[in-house]
Amino acid sequence: MAINKQAYNAIKAVVGERYISEDPAIMEGYRSGPAGYENSTGYERVMCCLPHAVCLPKNTKEVLAVVRICNRYDVPYVPYSTGFYGPRSHCHVENELIIDLKRHNEFEMDERHFYFNVGSGVTLAALQQECMNKGAYTIIGGGGAQCSAICNLIGDGWSPLSLRVGLPHRRILGTEVVLPDGEYLALGSLSYTDDPFWGEGPGPDLRGLLRGFTGVRGCLGVVAKMAIKSLPWQPEPLIPSGVAPNTTLQLPVGRVAWQNYLVPTKEAQVKAMFEIGHAEIAAACTKVPKFWRAIAKAEDKEEFWKIWLVENEESLRNFFIVRVLVVGYTSREDYEYQMRVLNDILSEVGGKATPTKPSDESWLKNADSAGMWLMCGSYVSVDYIIETLTQATQHGLTYAELKRKYTPPLMPDFGDPGWFQNFELGHQGYSEFLIYWDMREDISGVDQFYVDTSKMNIQHRYYTSLIGPHQPLYLTGPQYGPNYHIWMLKVKDEFDPKWLSHPPVPLAHDAFVDRAPWMQSIKDWNPPKEADFPVPKTFTYPKVDISKIPLNGALVKGDLYK
Ligand SMILES: Cc1cc2nc3c(=O)[nH]c(=O)nc-3n(C[C@H](O)[C@H](O)[C@H](O)COP(=O)(O)OP(=O)(O)OC[C@H]3O[C@@H](n4cnc5c(N)ncnc54)[C@H](O)[C@@H]3O)c2cc1C
């Protein structure tokens, strides 16, 4: 089987022969993994397959034409920007088309109003550099500068810099969307002028359709172009230095600096964060999990384990760090003022400044994301929460407790309660819980832990951003909203009646749980049988030998912990 030949030829006529392929060797380039986010999870092994074909439209008009052809010939497709988000960016049904948006790299800046109007192929790296050339800046998440700027904004879009820049939703201005049924939708001021300067626009604000809180992951069509707001930066240059992979940005002394403080207790850590927000100083403010410091010090995996295994529960329980970025946005005097206030706040909570390198490799032009899974090979953030600072700083403890049951296969981290930070000048708190494992181990426990955290959130009445397509919709839907899943499926049916845009998202995690035998023991909610899911029966899931999947297709039998 292949995709319909007439459809293939029609798409070829739109994008040109050079920008469409069904060559199996090229399709290999669109395989999920072998390293990266969620790589080696059961979800990846059960739900992902290679595309049958790939096309690369160069602008919104071509995207529109391709989606219309897919509709006419019932070709399922996946919108794909850089594919760094892992399995969820890859094909889940046979004979699918990837609409790779890298060529849609239109780029304009409105210097007067500080916004950039870009196609989905423009990366955050290009955006940040152009911003800085014009005295502006934006956020680059931990996923790295090589990700698509649009895609990051419709799914994620946060970092410690969210202390001052704020949440991503506010930076989405006029946007061009190609809906799954082939309609063109202009959002914000684009709905009544050619100028994308404004995100609101008359009538209901449909920006929620693009992302909910953490993204609909390609199941509601293609966001082709977007105007993105940037914020004023300071004028002094950041100087790249070092030799790859040990590169860094030297910060202008007296104008931009990271400063670390050791504080005596968690209460002091949280109080310092509140006070920094209250005083409206600093550009970023975060806790640093201790194992990140080990990653930063280690040259390779072996060295990581040497550094890490000297730790224990006690040493982690008593380690509290507050890391703050200060930027003299308007002048060096501004920088000095902020530093003085910062030192006063930290000395009041018993903090001690520690020597901190005058450089950055993590958050201004993030280049260290690929090292995040250095220790074990596989990594996923099982949750992130954007709520009050009070909630963000407590829920990690519950996660750490639950995690004990699943360690191994999860990496031993001595009860580390995750990462939290201060957003929107203290009006919001953020927390994230990261897990690591070796893909050669039996990964059943990884998959079970992932879904178990969702049940734990429900039990503890925690708000979580990781719902929607990231967890089984029939598990979280009845509990949040309640019944948000019914609304989400209605929206899906309305805009994508044929379910062509990235099927079976938003029900992909439900389908995975239903198909994987090792997930049955934790299934205590009430989903319909997979055969009754409102997904077209014409789609065929990847053909895999399910019995061999938890042990990496039984190629390698793990024995790390024996
Ligand atoms: C190690 C790691 C750490 C991360 N840390 C952070 C962090 O700290 N902060 C943060 O904000 N993010 C973080 N992320 C998330 C990551 O930055 C974003 O997922 C990424 O930017 C998405 O861009 P992409 O080009 O990789 O998307 P892709 O992988 O191409 O796509 C992601 C999803 O969006 C869909 N999609 C792609 N393009 C479009 C489009 N144009 N229209 C509609 N749907 C589309 C795809 O089908 C897929 O489901 C992290 C990711 C990783 C891997």
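Two strands are taken to pair where DSSP finds at least two bridges between them, and on this basis the predicted model contains an open sheet of three strands, ordered E13-E14-E19, in which the pairing is antiparallel. The edge positions in this sheet are held by strand E13 (239-243) and strand E19 (359-360), each of which pairs on one side only. Strand E14 (residues 246-250) is joined to E19 by two bridges, and these two strands run antiparallel; within this pairing, Gln250 stands opposite Ser359 in E19.

A further open sheet consists of four strands in the order E1-E3-E5-E4, and here the pairing is mixed. Its edge strands are E1 and E4, each pairing on one side only. Between E3 and strand E5 (residues 97-100) the pairing is parallel and extends over three bridges, with Cys55 placed opposite Ile99 of E5. Ile99 also has a prominent place in the largest nonpolar core, which comprises 154 residues and in which Ile99 and Ala282 are the residues with the most contacts inside the core. When neighbours within four places in sequence are left aside, the contacts of Ile99 are with Cys55, Pro57, Val63, Val66, Tyr77, Val78, Pro79, Tyr80 and Val222. Cys55 is thus both the residue opposite Ile99 in the strand pairing and one of the contacts of Ile99.

Helix H1 (residues 5-15) has a buried side, to which Ala7, Tyr8 and Ile11 belong. These residues lie on the same side of H1 because they cover an arc of only 100° around the axis. In an α-helix there are 3.6 residues a turn, so residues three or four places apart point the same way. The buried residues of H1 pack against strand E1 (20-21), strand E3 (53-55) and helix H4 (60-73), and H1 is thereby placed against two strands, E1 and E3, that belong to the four-stranded open sheet. On the face of H1 turned away from the buried side are the exposed residues Lys5, Gln6, Asn9 and Ala13. Just after H1, Gly16 adopts a positive phi of about 95°.

Strand E11 (residues 222-229) is mostly covered, with eight of its eight residues buried. Strand E7 (residues 115-119) is joined to E11 by five bridges, the two strands running antiparallel, and the bridge partner of Gly119 in E11 is Lys225. Strand E9 (residues 172-178) is likewise joined to E11 by five bridges in an antiparallel arrangement, and in this pairing Glu176 stands opposite Lys225. Lys225 therefore has a bridge partner in E7, where strands are counted as paired if DSSP finds at least two bridges between them, and it also stands opposite a residue of E9.

The ligand is surrounded by 34 residues, of which Gly141, Gly142, Gly143, Asp156 and Gly218 come nearest. The elements that contribute two or more residues to this shell are strand E4 (77-80), helix H6 (149-155) and E11. The largest share, five residues, is supplied by H6. Classified by residue type, the shell around the ligand contains 15 nonpolar, 16 polar and three charged residues. Two of the contributing elements recur in the arrangement set out above: E4 is an edge strand of the four-stranded open sheet, while E11 is the mostly covered strand that is joined by bridges to E7 and to E9.

Note on methods. Residues are numbered from 1 along each chain as its sequence is written. This is a predicted model: local features need pLDDT of at least 70, side-chain atom pairs count only at pLDDT 80 or more; totals for chains, interfaces and linings use all residues. A residue is buried if 20 or more other C-beta atoms lie within 10 Å of its own, exposed if 12 or fewer, and partly exposed in between; C-beta atoms are placed from the backbone. A nonpolar core is a set of buried Ala, Val, Leu, Ile, Met, Phe, Trp, Tyr and Cys residues joined through C-beta atoms within 7 Å. Two residues are in contact if their C-beta atoms, placed from the backbone, lie within 7 Å. A residue is near a molecule or strand if its C-beta atom, placed from the backbone, lies within 6 Å of it. Ala, Val, Leu, Ile, Met, Phe, Trp, Tyr, Cys and Pro count as nonpolar, Asp, Glu, Lys and Arg as charged, and the others, Gly among them, as polar. The arc is that of the directions from the helix axis to the C-beta atoms.
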